[in-house]
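Student: I'd like a close look at a single part of this protein, please. Could you walk me through it step by step?

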Amino acid sequence: MLLVALPIFSCSLHRFGRNLKRTQYQPTMKNLSIKQLTKTYSNGVKAVDNLSLEIGTGMFGLLGPNGAGKSTLMRTIATLQRPDTGSIRFHDIDVMQDPMALRKVLGYLPQEFGVYPKVSAERLLAYFAKLKGVQSKQDRQTLIQKVLEVTNLYEVRKKHVSSYSGGMKQRFGIAQMLLSNPKLIIVDEPTAGLDPAERQRFLNILREIGTEHTVLFSTHIVDDVKELCHEMAIMNGGRILQQTTPEAATSHLEGQIWTKAIERHELDQMRATYTLLSSHYKRDNTLFIRIHSPEKPGPEFTLAKPNLEDAYFLALQSATATA
Ligand SMILES: Nc1ncnc2c1ncn2[C@@H]1O[C@H](COP(=O)(O)OP(=O)(O)OP(=O)(O)O)[C@@H](O)[C@H]1O
Ligand SMILES: [Mg+2]
(Lines give C-alpha, C1' and ligand atoms only; values in the text may rest on other atoms or scores of the structure.)
(Ligands and ions follow the chains in the order given, each with its own letter.)
Protein backbone atom coordinates (compact mmCIF):
# COMPACT_ATOMS: atom_id res chain seq x y z
CA MET A 1 0.00 0.00 0.00
CA LEU A 2 1.09 3.55 -0.54
CA LEU A 3 3.09 5.34 2.09
CA VAL A 4 1.49 8.57 0.94
CA ALA A 5 -0.50 10.37 3.62
CA LEU A 6 -4.11 10.05 2.57
CA PRO A 7 -6.31 12.80 3.91
CA ILE A 8 -9.80 11.38 4.33
CA PHE A 9 -12.56 13.87 3.80
CA SER A 10 -15.47 14.44 1.54
CA CYS A 11 -14.38 15.16 -1.94
CA SER A 12 -15.91 17.56 -4.39
CA LEU A 13 -15.52 17.16 -8.11
CA HIS A 14 -13.11 19.72 -9.28
CA ARG A 15 -11.80 21.46 -12.29
CA PHE A 16 -8.86 19.32 -13.30
CA GLY A 17 -9.06 18.31 -16.90
CA ARG A 18 -7.69 18.76 -20.33
CA ASN A 19 -9.11 22.23 -20.58
CA LEU A 20 -6.96 23.63 -17.78
CA LYS A 21 -5.41 26.84 -19.01
CA ARG A 22 -2.10 28.35 -18.00
CA THR A 23 -2.81 31.56 -16.24
CA GLN A 24 -0.41 34.45 -16.06
CA TYR A 25 1.56 34.48 -12.85
CA GLN A 26 0.45 37.19 -10.47
CA PRO A 27 2.30 37.69 -7.21
CA THR A 28 -0.23 36.85 -4.51
CA MET A 29 -0.48 36.99 -0.79
CA LYS A 30 1.72 34.35 0.72
CA ASN A 31 -0.22 31.20 1.52
CA LEU A 32 2.39 29.18 3.36
CA SER A 33 4.47 30.90 5.99
CA ILE A 34 7.34 29.12 7.73
CA LYS A 35 9.08 30.93 10.55
CA GLN A 36 12.32 30.07 12.31
CA LEU A 37 11.92 26.34 11.84
CA THR A 38 14.55 24.02 13.31
CA LYS A 39 14.61 20.23 13.18
CA THR A 40 17.32 18.14 14.81
CA TYR A 41 17.37 14.35 14.44
CA SER A 42 18.14 12.08 17.38
CA ASN A 43 21.67 11.52 16.01
CA GLY A 44 22.34 15.25 16.48
CA VAL A 45 22.08 16.28 12.79
CA LYS A 46 20.41 19.69 12.52
CA ALA A 47 18.74 19.12 9.14
CA VAL A 48 16.69 22.34 9.21
CA ASP A 49 18.29 25.30 10.89
CA ASN A 50 16.25 28.38 11.85
CA LEU A 51 14.62 28.44 8.42
CA SER A 52 12.02 31.00 7.32
CA LEU A 53 10.18 30.92 4.00
CA GLU A 54 7.07 32.55 2.48
CA ILE A 55 5.32 30.78 -0.39
CA GLY A 56 2.41 32.00 -2.56
CA THR A 57 0.18 30.37 -5.19
CA GLY A 58 1.97 28.64 -8.05
CA MET A 59 5.04 26.50 -8.43
CA PHE A 60 7.70 27.12 -5.85
CA GLY A 61 11.00 25.33 -6.45
CA LEU A 62 13.22 24.29 -3.59
CA LEU A 63 16.62 23.71 -5.11
CA GLY A 64 19.42 22.11 -3.14
CA PRO A 65 22.09 19.39 -3.27
CA ASN A 66 21.91 16.00 -1.54
CA GLY A 67 21.60 16.37 2.21
CA ALA A 68 20.51 20.03 2.03
CA GLY A 69 17.48 19.30 4.22
CA LYS A 70 14.77 19.48 1.53
CA SER A 71 12.99 16.25 2.49
CA THR A 72 13.24 17.10 6.19
CA LEU A 73 11.60 20.46 5.57
CA MET A 74 8.88 18.87 3.43
CA ARG A 75 8.14 16.06 5.88
CA THR A 76 7.90 18.63 8.66
CA ILE A 77 5.46 20.81 6.71
CA ALA A 78 3.49 17.65 5.85
CA THR A 79 3.16 17.00 9.63
CA LEU A 80 4.96 13.66 9.41
CA GLN A 81 7.48 14.87 11.99
CA ARG A 82 7.52 17.69 14.52
CA PRO A 83 10.14 20.45 14.49
CA ASP A 84 12.15 21.39 17.59
CA THR A 85 11.02 25.01 17.30
CA GLY A 86 9.36 27.35 14.84
CA SER A 87 5.95 27.83 13.30
CA ILE A 88 4.19 26.85 10.07
CA ARG A 89 0.98 28.51 8.88
CA PHE A 90 -1.05 27.65 5.79
CA HIS A 91 -3.67 30.36 5.30
CA ASP A 92 -5.41 30.41 8.70
CA ILE A 93 -4.20 26.96 9.78
CA ASP A 94 -1.60 26.87 12.53
CA VAL A 95 0.03 23.61 11.52
CA MET A 96 1.72 22.90 14.86
CA GLN A 97 -1.54 23.44 16.75
CA ASP A 98 -3.82 21.65 14.30
CA PRO A 99 -1.97 19.14 12.10
CA MET A 100 -5.24 17.39 11.14
CA ALA A 101 -6.55 20.58 9.53
CA LEU A 102 -3.48 20.73 7.31
CA ARG A 103 -3.71 17.05 6.40
CA LYS A 104 -7.21 17.65 5.06
CA VAL A 105 -5.94 20.10 2.45
CA LEU A 106 -2.56 18.51 1.80
CA GLY A 107 -1.33 16.40 -1.08
CA TYR A 108 2.13 14.99 -0.38
CA LEU A 109 4.20 12.96 -2.80
CA PRO A 110 7.20 11.60 -0.91
CA GLN A 111 10.67 11.01 -2.37
CA GLU A 112 10.36 7.28 -1.79
CA PHE A 113 7.30 5.18 -2.41
CA GLY A 114 5.95 2.14 -0.75
CA VAL A 115 5.28 -1.01 -2.75
CA TYR A 116 2.36 -0.81 -5.16
CA PRO A 117 -0.13 -3.67 -5.23
CA LYS A 118 -0.96 -5.76 -8.30
CA VAL A 119 -4.13 -3.85 -8.96
CA SER A 120 -5.07 -1.71 -11.94
CA ALA A 121 -4.72 2.07 -11.63
CA GLU A 122 -8.44 2.43 -12.19
CA ARG A 123 -9.38 0.04 -9.39
CA LEU A 124 -6.85 1.46 -6.98
CA LEU A 125 -8.09 4.99 -7.59
CA ALA A 126 -11.68 3.82 -7.09
CA TYR A 127 -10.63 2.34 -3.76
CA PHE A 128 -8.94 5.57 -2.69
CA ALA A 129 -11.90 7.66 -3.83
CA LYS A 130 -14.22 5.49 -1.72
CA LEU A 131 -11.90 5.92 1.26
CA LYS A 132 -12.05 9.65 0.72
CA GLY A 133 -15.81 9.58 0.90
CA VAL A 134 -16.93 9.82 -2.73
CA GLN A 135 -20.11 7.76 -2.30
CA SER A 136 -21.69 7.76 -5.73
CA LYS A 137 -20.25 5.37 -8.32
CA GLN A 138 -20.99 7.86 -11.09
CA ASP A 139 -19.10 10.64 -9.23
CA ARG A 140 -16.18 8.28 -8.64
CA GLN A 141 -16.01 7.36 -12.33
CA THR A 142 -16.07 11.00 -13.44
CA LEU A 143 -13.44 11.99 -10.92
CA ILE A 144 -11.17 9.06 -11.76
CA GLN A 145 -11.44 9.74 -15.48
CA LYS A 146 -10.41 13.34 -14.85
CA VAL A 147 -7.37 12.57 -12.72
CA LEU A 148 -6.28 9.85 -15.17
CA GLU A 149 -6.53 12.33 -18.04
CA VAL A 150 -4.64 15.07 -16.20
CA THR A 151 -1.82 12.64 -15.46
CA ASN A 152 -1.85 11.05 -18.93
CA LEU A 153 -2.58 7.61 -17.53
CA TYR A 154 -5.99 7.07 -19.09
CA GLU A 155 -4.68 4.76 -21.80
CA VAL A 156 -2.92 2.54 -19.26
CA ARG A 157 -5.65 2.64 -16.60
CA LYS A 158 -6.27 -1.13 -16.83
CA LYS A 159 -2.62 -2.02 -16.18
CA HIS A 160 -1.37 -3.00 -12.76
CA VAL A 161 0.28 -0.08 -11.01
CA SER A 162 3.04 -2.47 -9.90
CA SER A 163 4.01 -2.88 -13.57
CA TYR A 164 4.26 0.88 -14.20
CA SER A 165 7.62 2.51 -14.98
CA GLY A 166 9.12 4.93 -12.45
CA GLY A 167 7.67 7.93 -14.25
CA MET A 168 4.21 6.37 -14.51
CA LYS A 169 4.29 5.59 -10.80
CA GLN A 170 5.16 9.21 -10.09
CA ARG A 171 2.21 10.31 -12.22
CA PHE A 172 -0.02 7.81 -10.45
CA GLY A 173 1.10 9.39 -7.17
CA ILE A 174 -0.16 12.73 -8.48
CA ALA A 175 -3.41 11.15 -9.71
CA GLN A 176 -4.28 9.72 -6.31
CA MET A 177 -3.29 13.00 -4.68
CA LEU A 178 -5.65 14.95 -6.95
CA LEU A 179 -8.65 12.86 -5.86
CA SER A 180 -8.81 15.11 -2.80
CA ASN A 181 -8.38 18.41 -4.62
CA PRO A 182 -5.62 19.46 -2.22
CA LYS A 183 -4.86 23.12 -1.64
CA LEU A 184 -1.24 22.58 -0.72
CA ILE A 185 0.79 20.16 -2.81
CA ILE A 186 4.25 19.01 -1.76
CA VAL A 187 6.31 16.94 -4.18
CA ASP A 188 9.73 15.77 -3.10
CA GLU A 189 12.24 15.28 -5.94
CA PRO A 190 9.73 13.77 -8.37
CA THR A 191 11.99 14.01 -11.42
CA ALA A 192 15.06 12.27 -10.00
CA GLY A 193 15.74 9.17 -12.09
CA LEU A 194 13.18 9.92 -14.81
CA ASP A 195 14.18 9.77 -18.48
CA PRO A 196 13.90 13.07 -20.38
CA ALA A 197 10.50 12.30 -21.95
CA GLU A 198 8.96 11.17 -18.65
CA ARG A 199 10.50 14.15 -16.88
CA GLN A 200 8.88 16.53 -19.38
CA ARG A 201 5.53 14.75 -19.03
CA PHE A 202 5.74 15.04 -15.27
CA LEU A 203 6.74 18.72 -15.36
CA ASN A 204 3.81 19.47 -17.69
CA ILE A 205 1.40 17.95 -15.20
CA LEU A 206 2.86 19.98 -12.35
CA ARG A 207 2.69 23.08 -14.55
CA GLU A 208 -1.05 22.60 -14.96
CA ILE A 209 -1.65 21.92 -11.31
CA GLY A 210 0.48 24.89 -10.27
CA THR A 211 -1.84 27.41 -11.89
CA GLU A 212 -4.40 27.06 -9.12
CA HIS A 213 -2.57 25.56 -6.18
CA THR A 214 0.33 26.17 -3.89
CA VAL A 215 2.91 23.68 -5.04
CA LEU A 216 6.19 23.19 -3.22
CA PHE A 217 8.52 21.14 -5.34
CA SER A 218 12.04 20.05 -4.41
CA THR A 219 14.79 19.12 -6.81
CA HIS A 220 18.52 19.16 -7.30
CA ILE A 221 18.04 19.65 -11.05
CA VAL A 222 18.47 23.32 -11.92
CA ASP A 223 16.56 22.96 -15.21
CA ASP A 224 13.45 21.73 -13.37
CA VAL A 225 13.24 25.05 -11.56
CA LYS A 226 14.14 27.06 -14.65
CA GLU A 227 11.41 25.44 -16.72
CA LEU A 228 8.69 25.31 -14.13
CA CYS A 229 8.86 27.63 -11.17
CA HIS A 230 7.77 31.23 -10.69
CA GLU A 231 9.56 31.47 -7.42
CA MET A 232 12.40 29.52 -5.92
CA ALA A 233 14.72 29.14 -2.96
CA ILE A 234 18.21 27.72 -2.85
CA MET A 235 18.73 25.56 0.22
CA ASN A 236 21.79 23.98 1.80
CA GLY A 237 22.92 23.04 5.29
CA GLY A 238 19.34 23.31 6.53
CA ARG A 239 19.14 26.99 5.58
CA ILE A 240 17.66 29.08 2.79
CA LEU A 241 20.61 30.70 1.04
CA GLN A 242 18.52 32.75 -1.34
CA GLN A 243 14.81 33.26 -2.07
CA THR A 244 14.31 34.68 -5.53
CA THR A 245 12.80 34.07 -8.97
CA PRO A 246 14.67 32.27 -11.77
CA GLU A 247 14.62 35.51 -13.81
CA ALA A 248 15.91 37.71 -10.97
CA ALA A 249 18.60 35.21 -10.00
CA THR A 250 20.07 35.29 -13.51
CA SER A 251 19.55 38.97 -14.39
CA HIS A 252 21.26 39.87 -11.12
CA LEU A 253 24.44 38.29 -12.53
CA GLU A 254 24.38 40.19 -15.83
CA GLY A 255 27.92 41.37 -16.68
CA GLN A 256 29.51 39.19 -13.96
CA ILE A 257 29.91 35.74 -15.58
CA TRP A 258 33.06 35.10 -17.59
CA THR A 259 34.31 32.15 -19.58
CA LYS A 260 37.71 31.05 -20.74
CA ALA A 261 39.21 28.01 -22.45
CA ILE A 262 41.93 26.46 -20.30
CA GLU A 263 44.23 23.44 -20.21
CA ARG A 264 43.18 20.60 -17.91
CA HIS A 265 46.22 21.10 -15.64
CA GLU A 266 45.25 24.76 -15.04
CA LEU A 267 41.95 23.88 -13.39
CA ASP A 268 43.18 23.76 -9.77
CA GLN A 269 45.00 27.03 -10.16
CA MET A 270 41.88 28.68 -11.65
CA ARG A 271 39.83 27.34 -8.76
CA ALA A 272 42.28 28.83 -6.28
CA THR A 273 42.43 32.20 -8.05
CA TYR A 274 38.83 32.84 -9.09
CA THR A 275 35.28 32.12 -7.98
CA LEU A 276 35.03 29.18 -10.33
CA LEU A 277 31.40 28.13 -10.80
CA SER A 278 31.67 25.28 -13.29
CA SER A 279 33.80 23.70 -15.96
CA HIS A 280 32.75 21.71 -18.98
CA TYR A 281 34.23 20.20 -22.10
CA LYS A 282 33.16 21.28 -25.56
CA ARG A 283 32.83 18.72 -28.35
CA ASP A 284 36.40 19.39 -29.54
CA ASN A 285 37.65 18.50 -26.01
CA THR A 286 38.46 22.10 -25.08
CA LEU A 287 37.85 22.73 -21.40
CA PHE A 288 35.84 25.87 -20.61
CA ILE A 289 35.43 27.41 -17.19
CA ARG A 290 32.76 29.81 -15.96
CA ILE A 291 33.72 32.18 -13.22
CA HIS A 292 31.98 34.93 -11.27
CA SER A 293 33.64 38.32 -11.11
CA PRO A 294 32.08 41.81 -10.96
CA GLU A 295 34.90 43.00 -13.24
CA LYS A 296 36.70 41.46 -16.21
CA PRO A 297 39.20 39.10 -14.56
CA GLY A 298 41.77 39.14 -17.37
CA PRO A 299 42.27 39.73 -21.09
CA GLU A 300 41.45 36.15 -22.13
CA PHE A 301 38.07 36.07 -20.46
CA THR A 302 34.86 36.53 -22.45
CA LEU A 303 31.62 37.84 -20.99
CA ALA A 304 28.92 35.15 -20.89
CA LYS A 305 25.16 35.25 -20.53
CA PRO A 306 24.35 34.22 -16.95
CA ASN A 307 22.19 31.16 -16.39
CA LEU A 308 20.40 29.73 -13.37
CA GLU A 309 23.13 27.16 -12.80
CA ASP A 310 25.60 30.03 -12.30
CA ALA A 311 23.29 31.57 -9.68
CA TYR A 312 22.89 28.19 -7.94
CA PHE A 313 26.60 27.39 -7.80
CA LEU A 314 27.42 30.93 -6.68
CA ALA A 315 24.88 30.75 -3.83
CA LEU A 316 26.32 27.39 -2.68
CA GLN A 317 29.89 28.68 -2.88
CA SER A 318 29.16 31.96 -1.13
CA ALA A 319 27.52 30.07 1.72
CA THR A 320 30.55 27.77 2.06
CA ALA A 321 32.92 30.74 1.98
CA THR A 322 31.07 32.54 4.79
CA ALA A 323 30.47 29.41 6.91
N1 LIG B 1 15.71 10.14 9.85
C2 LIG B 1 16.91 10.72 9.91
N3 LIG B 1 17.71 10.53 10.97
C4 LIG B 1 18.92 11.13 11.06
N5 LIG B 1 19.42 11.98 10.14
C6 LIG B 1 18.66 12.21 9.05
C7 LIG B 1 17.37 11.60 8.88
N8 LIG B 1 16.85 12.04 7.72
C9 LIG B 1 17.75 12.87 7.18
N10 LIG B 1 18.84 12.97 7.97
C11 LIG B 1 20.03 13.83 7.74
O12 LIG B 1 19.54 15.16 7.64
C13 LIG B 1 20.24 15.87 6.61
C14 LIG B 1 19.24 16.36 5.59
O15 LIG B 1 18.68 15.25 4.95
P16 LIG B 1 17.45 15.36 3.93
O17 LIG B 1 17.07 13.99 3.54
O18 LIG B 1 16.41 16.23 4.54
O19 LIG B 1 18.16 16.14 2.72
P20 LIG B 1 17.68 16.28 1.19
O21 LIG B 1 17.96 17.68 0.80
O22 LIG B 1 16.30 15.80 1.06
O23 LIG B 1 18.70 15.32 0.42
P24 LIG B 1 18.45 14.44 -0.92
O25 LIG B 1 18.56 15.39 -2.08
O26 LIG B 1 19.59 13.48 -0.89
O27 LIG B 1 17.11 13.77 -0.83
C28 LIG B 1 21.27 14.89 6.05
O29 LIG B 1 22.49 15.13 6.73
C30 LIG B 1 20.70 13.54 6.41
O31 LIG B 1 21.72 12.58 6.56
MG1 LIG C 1 15.39 14.40 -0.12
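Student: In what order do the strands of the open sheet of 4 strands run, and is the pairing parallel or antiparallel?

Tutor: Happy to help, and please keep in mind that this is a predicted model. The strand order in this open sheet is β12-β13-β11-β14, and the pairing is antiparallel. At the edges sit β12, residues 275–281, and β14, residues 302–303, each of which pairs on one side only. The sheet also has a helix against it: α10 packs there and touches β11, β12 and β13 (287–292), with its direction at about 135° to that of β12.

Let's take the β14 edge next. Its antiparallel pairing with β11, residues 257–262, rests on 2 bridges. If you would like a spot to zoom in on, T259 has T302 in β14 as its bridge partner.

Now turn to the helix. α10 covers residues 308–322, which is 15 residues, and its first and last C-alpha atoms are 21 Å apart, close to the 21 Å expected at 1.5 Å a residue. Its buried residues are L308, D310, A311, Y312, L314, A315 and L316.

To place this part in the wider picture, the protein is divided into domain 1 (32–242) and domain 2 (255–305). The centres of domain 1 and domain 2 are 38 Å apart, taken over C-alpha atoms. Across the protein there are 10 helices and 14 strands. The radius of gyration is 22 Å, close to the 20 Å that the globule rule gives for 323 residues, so the protein is as compact as a globular protein of that length. Of those 323 residues, 39% are buried.

Key: Residues are numbered from 1 along each chain as its sequence is written. Chains are lettered from A and ligands numbered from 1 in the order in which they are written. This is a predicted model: local features need pLDDT of at least 70, side-chain atom pairs count only at pLDDT 80 or more; totals for chains, interfaces and linings use all residues. Domain bounds come from an automatic or database domain assignment. The radius of gyration is taken over C-alpha atoms; the globule rule is 2.2 Å times the number of residues to the power 0.38. A residue is buried if 20 or more other C-beta atoms lie within 10 Å of its own, exposed if 12 or fewer, and partly exposed in between; C-beta atoms are placed from the backbone. The expected span of a helix is 1.5 Å times one less than its number of residues. Two strands pair if DSSP finds at least two bridges between them. Two residues are in contact if their C-beta atoms, placed from the backbone, lie within 7 Å. Axes are lines fitted to C-alpha atoms, for helices over the stretch in contact, and angles run from 0 to 180 degrees between N-to-C directions.
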